[in-house]
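Open the structure in your viewer and keep the sequence beside it. We will go from stop to stop, selecting as we go.

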Amino acid sequence: DNWIYAIEIEKSGRVWFGTESGISTYHKGKWKSFNHKKGLGASYEKVKQDNKAIMSMFQGQHHATQASPAIPNIQTADYKPNYIVSMHLDKKNRLWIGTWGGGLSLLDTKNFTFRNFTTQEGLPGNFILALEEGLAGKLWIGTNNGLSKFDGKTFQNFSHINGLESQFIFSLESTKDHSLWIGGHKTLTRIIIDPETGNPLNLQ
């Protein structure tokens, strides 16, 4: 694919690429590709109800043009599981993959199997726009409907109710001083993370 939105590199030298038609990996001179047919992203039946009317909310947002028919792999505007918006390779060498409307995918990089998470599992939204691992090992997830923290078992979600200003979370960056910087629509937010619990101290 000619459009690459995310790159992650394992210590072994294996490189992962997130594209508009799935993910690809290059290692020791060989390529391997994965897409929805191989398990990437949740099924449309699982997300279609929660994805209704989402694209109208994206109007004027950074990613609104991604609903254009000119984009490769388009199925419907609110569901493109092969369209990879974000990726993160965690400390356990697992690859987390953010899809456009197909939820969050977790790839086991040893046996190449997928596990998918959507709003039915507790995510606030199925459009996964940003991923970041905090110092405490928790996964922070930026979505079309706020911020989420995943501890491996449950999702803890944050939105306007908790003091988060932007509904759309486009970028995340964790720093050594236990801060998490959050880039949203017309907003930049810094939250302080409790080093013992991994919970934000300045969100309700």
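Select strand 15, residues 188–192. Its side chains alternate: Thr189 and Ile191 point to one face and are buried, while Leu188, Arg190 and Ile192 point to the other face and are not buried. Buried means under 20% relative accessible area, exposed means over 50%, and partly exposed lies in between (1.4 Å probe, protein chains only). In a regular strand the side chains alternate between the two faces of the sheet. Strands (E, at least two residues) and helices (H or I, at least four residues) are DSSP runs, numbered from the N terminus.

This is a predicted model: local features need pLDDT of at least 70, side-chain atom pairs count only at pLDDT 80 or more, and totals for chains, interfaces and linings use all residues. Residues are numbered from 1 along each chain as its sequence is written, and side-chain values use heavy atoms, with hydrogens and water left out.

Now add strand 14, residues 179–184. Strand 14 and strand 15 pair in the antiparallel sense over 5 bridges; two strands pair if DSSP finds at least two bridges between them. Which residue stands opposite leucine 188? Glycine 183 does. The two strands form a hairpin with 3 residues between them. In the turn, pick lysine 186: its phi is positive, about 65°.

Next, move to the segment after strand 15 and select glutamate 196. Buried or exposed? Glutamate 196 is exposed, at 76% relative accessible area. Show alanine 136 as well: 60 residues separate the two along the chain, yet their C-alpha atoms are 7.6 Å apart.

Go to strand 13, residues 169–174, and click serine 174. Serine 174 counts as buried, because its relative accessibility is 17%. Contact means heavy atoms within 4.5 Å. Leaving aside neighbours within four places in sequence, serine 174 touches Glu132, Glu133, Gly134, Leu135, Ser179 and Leu180.

Switch to the open sheet of 4 strands, with the order 5-6-7-8 and antiparallel pairing. Which strands stand at the edges? Strand 5 (80–89) and strand 8 (113–117) do. Each has a single partner strand, so one side of each is left without a neighbour in the sheet. From one strand to the next, the twist averages 30°. That angle is taken between N-to-C directions, from 0 to 180 degrees, with axes fitted to C-alpha atoms.

Zoom in on strand 7, residues 104–108. Strand 7 and strand 8 pair in the antiparallel sense over 5 bridges. Serine 105 has asparagine 116 as its bridge partner in strand 8. These two strands form a hairpin with 4 residues between them. Phenylalanine 112 in the turn has a positive phi of about 60°.

Finally, show the whole protein chain. How many helices and strands does it have? There are 2 helices and 15 strands. Of its 204 residues, 52% count as buried. Among contacts with a separation of 6 or more, 44% join residues 24 or more positions apart.
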